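Trainee: I'd like to go through the pockets of this protein with you. Can we pull it up?

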Amino acid sequence: MNIKDIHENWTALGQDDPMWVVLTDPAKKNGGWQPEEFFATGRGEIRDVLEKIKQAGIGLKFGRALDFGCGLGRLSQPLGEVFAVVDGVDVSASMIEKAQAFNRLPAKVFYHLNVRTDLNTFAADSYDFIYSAICLQHIPTKFQKAYIAGFMRLLRPGGAACFQAIHAHGWRQWVPDMAVDLYRKWKNRGKPFIPMHGVPVNQVRAIIEAGGGKVQKIVTTPYGGFESRFGHDVYFVIKSIPA
Ligand SMILES: C[S@@+](CC[C@H](N)C(=O)[O-])C[C@H]1O[C@@H](n2cnc3c(N)ncnc32)[C@H](O)[C@@H]1O
């Protein structure tokens, strides 16, 4: 998929049942999520992540944060409760439109549509924290790598990133992204679909280091429901302060 296809696919996915597209609990399909319950999951997740960052020995500053692949702002909103300013970024026009409608903190949480394969419209060295969950795993590998390089460019020296991705293993690691997308397009007969793409851990590590970052910790676990194809990786990263 090119970026125009990605934009159209996620804009279509965000139209009808967007909360389920974000959190695909089978019991919540067709409007089963209530907004309070949906947004409460984000508050719990951000509380846990900030605790894990502390435990990893990373000292955060609470100035500016970026939530990459923000969807409806499930995670941007609780980030806005602890950071001075939060930028939520997404490729889907419908998700951004709805995130704006759900925005309880419009003076500090800002949503941006980014139909690009990079983050070059955001200023370098300007974020204290970058977070991304259940987003990179839906993006073709070569673009994931460009966005991760972008995270490193955007972090201020001393800033930290925590992001989740998956890596393919077994037979799945030998299937090119293009073949997976073609099969999915054929199977879904032109309807929008949720793609899955891995990125190898050693390649992510190399991008982080090339961008002046240090991997503080990687937590790898089996990816529930997709164990035969993917492992689940959470990266804790610091951008080094030049000597
Ligand atoms: C499963 S949702 C997760 C949303 C949010 N991170 C959360 O956990 O609540 C995945 C999101 O990633 C966004 N996304 C997919 N490809 C993207 C890209 N290339 N750039 C930015 N966002 C993207 C989708 O539009 C969608 O809103």
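Trainee: How many nonpolar, polar and charged residues does the lining of the largest pocket have?

Mentor: First, a caveat: this is a predicted model, where local features need pLDDT of at least 70, side-chain atom pairs count only at pLDDT 80 or more, and totals for chains, interfaces and linings use all residues. Residues are numbered from 1 along each chain as its sequence is written, and side-chain values use heavy atoms, with hydrogens and water left out. Ala, Val, Leu, Ile, Met, Phe, Trp, Tyr, Cys and Pro count as nonpolar, Asp, Glu, Lys and Arg as charged, and the others, Gly among them, as polar. Sorted that way, the lining comes to 27 nonpolar, ten polar and eight charged residues.

Trainee: Which helix gives the largest share of the lining of the largest pocket?

Mentor: Helices here are DSSP runs (H or I, at least four residues), as are strands (E, at least two), numbered from the N terminus. Those supplying at least two lining residues include helix 2 (18-22), strand 1 (64-68) and helix 7 (177-188). The largest share, six residues, is from helix 1.

Trainee: Which residues lie nearest the centre of the second largest pocket?

Mentor: A pocket is an open set of points on a 1 Å grid over the protein atoms alone, where a 1.4 Å probe fits, with protein on both sides within 12 Å along at least five of seven lines; lining residues have an atom within 4 Å of a point. This one has 19 lining residues, and nearest its centre are Glu45, Tyr131, Gln164, His232 and Val234.
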